Amino acid sequence: MANILETLDINHSFDKDRVMRFPNIQLEKGESKLILGSSGIGKSTLLHVLGGLLKPTSGRVNFMGKSLYELSTKQLDQLRGKQIGIIFQKPHFMQSLTAIENLKLSNTISGGKSTTSQVYELAEQLNIQSRLQAFPHELSQGELQRLSICRAFLKKPAMILADEPTSALDDGNTAQVVNQLQSLQQTYDTALLIVTHDARLKNHQFHTIELGAE
Amino acid sequence: MNRLSVAWKNLKSDPLRLTLNLLLFSLGIGLSLYLLLINSQVRKAFEKNMAGIDMVIGAKGSDLQMIFCSMYHIDNPTGNISIDECKAFLKEQHPLIDLSVPLALGDSHKGYRIVGTDQSVLKLYPAELHEGKLWAGSGTVTLGSNVADILGLSLGQTFNSTHGFEDADGLEHDHEMVVTGILKPSGSVLDNLILTSIYTVWDNHDTGNHNHQDHSHEHHDHEDNDHEHHGHDHHDEHQHIELDRGHLITHTDKEITNILIKFKNRKNFQALNLPNNIRKHTNMQAANPPYILNQFYDRMGIGFNLLYWVAILICIVSSISIFISLYNALRARKYQLAILRVEGASPNYLFSQILLEGIMLSIIGYCIGVILALIGYTVTRGMVLERFQYVWENFPQHPGYFMLAGIALMIGVIASVIPAIRAFRIQIHETLSS
């Protein structure tokens, strides 16, 4: 099966003294992987590189057959908007909009064609349909994270990148969020890459790559 | 979610700041527009009633008061002048004077001024009869269109005039006045006046015991204009009859209030010197209305300019306030904007979204400002109508609407362009990692 994502010799340095070297990663359609690493090792940096948010100092990132950093800003924005869903450690939403409005705005910006009923359907799968009229500041951390997952899957992307999606959650919520992620990943046949330091996720049958193990 | 909706929700997410911004902005715009409208209506009213009048003669006093009283009917007379002293200017054969219009003022009816004059006044203003006929002698009146409309007077109705310009009980004259005609609207001061013969005013103020109901309507023959020998006890003779100018000036013991004068040639040296000569050599004063009104505009301009500067200052402050609001909002929302970039929004999208918020704020502020200005204008219009009987336009057209809309838009853009550029330059990785 063709790889959705393929990286080759990615290095990145923010200053001369410290160079972060990342393992080569391949991710097929519908496949899920866990990248595990301790704090400060560059997990978020790697996720930003893979998501087209940060150009690495060297190396190559191929996504859906295209070299990400050879695309123009406009092409990269469009590709990311349509094909890459990113779930951040700390979910951010427009505070002036309700949850449903945030989802609709994201859908509009990414050029997605999800209908309102599809939004509700997805929200129902994540068990937040009853909270869609609430404003972000009225939602709990767990609800915000589920809303963030909803936003990422709404555009039916080819790949989901999740940065520490469970770091702020208790065990119960962690299990729930990971199960929902896996379930949706299978439903949408999406590639899923989780970057975390949370060892609890090892129990969820992911193919795991440990950063700093080389 | 369309962008307008997002912009509006962003703005109203901080209602206090939104209110402050809109209040400042609309006050600046509203005050500017209000001043423009008022200024234009005042100038329009003054210019429309200038009527080509080159000189006003009256009793010694303030030039401006005399002009306001005789041409605009919004002030009190400076006093009266005797026919004996001013008769030279009333003569139709005067070498410098093309038209002279005598005015006898001092009475009113329900706040509308009664002007004793002759029909030469109709040569000054574009007046046409709507119905009936022109006043024809003592006790007959022709109403301006606003007077007829607002007081509901019609042909044949009678009323008693009041001494003075205020509508006060107990000061009514005994003599009844009958409406013989109503003028068409002319947009001039005539619309607000009750025109009658000078003899009406004299008769009303005469202390003699005349019973005007008994006076005949016979027409006098004044061809010889030789009335000096009549001894000037004319009240019994020409009660309801419009008499010619030659006869009027025989009443050397009587007084009028003002004479409005149009010169044959306003650039004539003697005509130019005439006001000075009158001031120096008679007990009367004479004023040149364009000159005096320019002085008035200059003085009024200082006040208006001061208010304009206040309005401009408010606009500048509101612009700074909008800038600070958008800038602070941007700082608070930078993560949210970075997420929009992650979701596929281009830098241009963020730039235009912030710009849209500034523009939307300015448009709403402009609309509220226009409403405030029109409310203020309507209130002022009512006060002017009540106090001076001047009818201003209901919702006057003015280029200021477009000018201020442009300024409002410019303020919105200027205030939001820096925050918009910062939004444009948001670096996703740096923002989300900070």
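**Notebook: rings and confidence in a predicted model**

I looked first at residues 207–240 of chain B, where pLDDT (the predictor's confidence in each residue, from 0 to 100) stays under 50. For this stretch the model has 62 contacts (heavy atoms within 4.5 Å) beyond four places in sequence. Where pLDDT is low, the predicted coordinates should not be read in detail. Chain B has a mean pLDDT of 85, and 90% of its residues reach 70 or more.

I noted the ground rules: this is a predicted model, with local features needing pLDDT of at least 70 and side-chain atom pairs counting only at pLDDT 80 or more, while totals for chains, interfaces and linings use all residues. Residues are numbered from 1 along each chain as its sequence is written, chains are lettered from A, and side-chain values use heavy atoms, without hydrogens and water.

Next I searched for aromatic pairs and got 13 over all chains. Rings of Phe, Tyr and Trp (its six-membered ring) pair with centres within 6.5 Å; planes under 30 degrees apart are stacked, over 60 edge-to-face, the rest tilted.

I checked Phe153(A) and Tyr188(A): tilted, 5.8 Å centre to centre, 40° between the planes. They sit 35 residues apart, in helix 5 (residues 141–154) and helix 6 (residues 171–188) of chain A. Helices are DSSP runs (H or I, at least four residues), numbered from the N terminus. Phe153(A) is buried at 1% relative accessible area; Tyr188(A) is partly exposed at 24%. Buried means under 20%, exposed over 50%, partly exposed in between (1.4 Å probe, protein chains only).

In chain B, I found a cluster of Phe46(B), Phe68(B), Tyr72(B), Phe296(B) and Tyr297(B), linked by ring pairs.

Note on methods
Helices (H or I, at least four residues) and strands (E, at least two) are DSSP runs, numbered from the N terminus.
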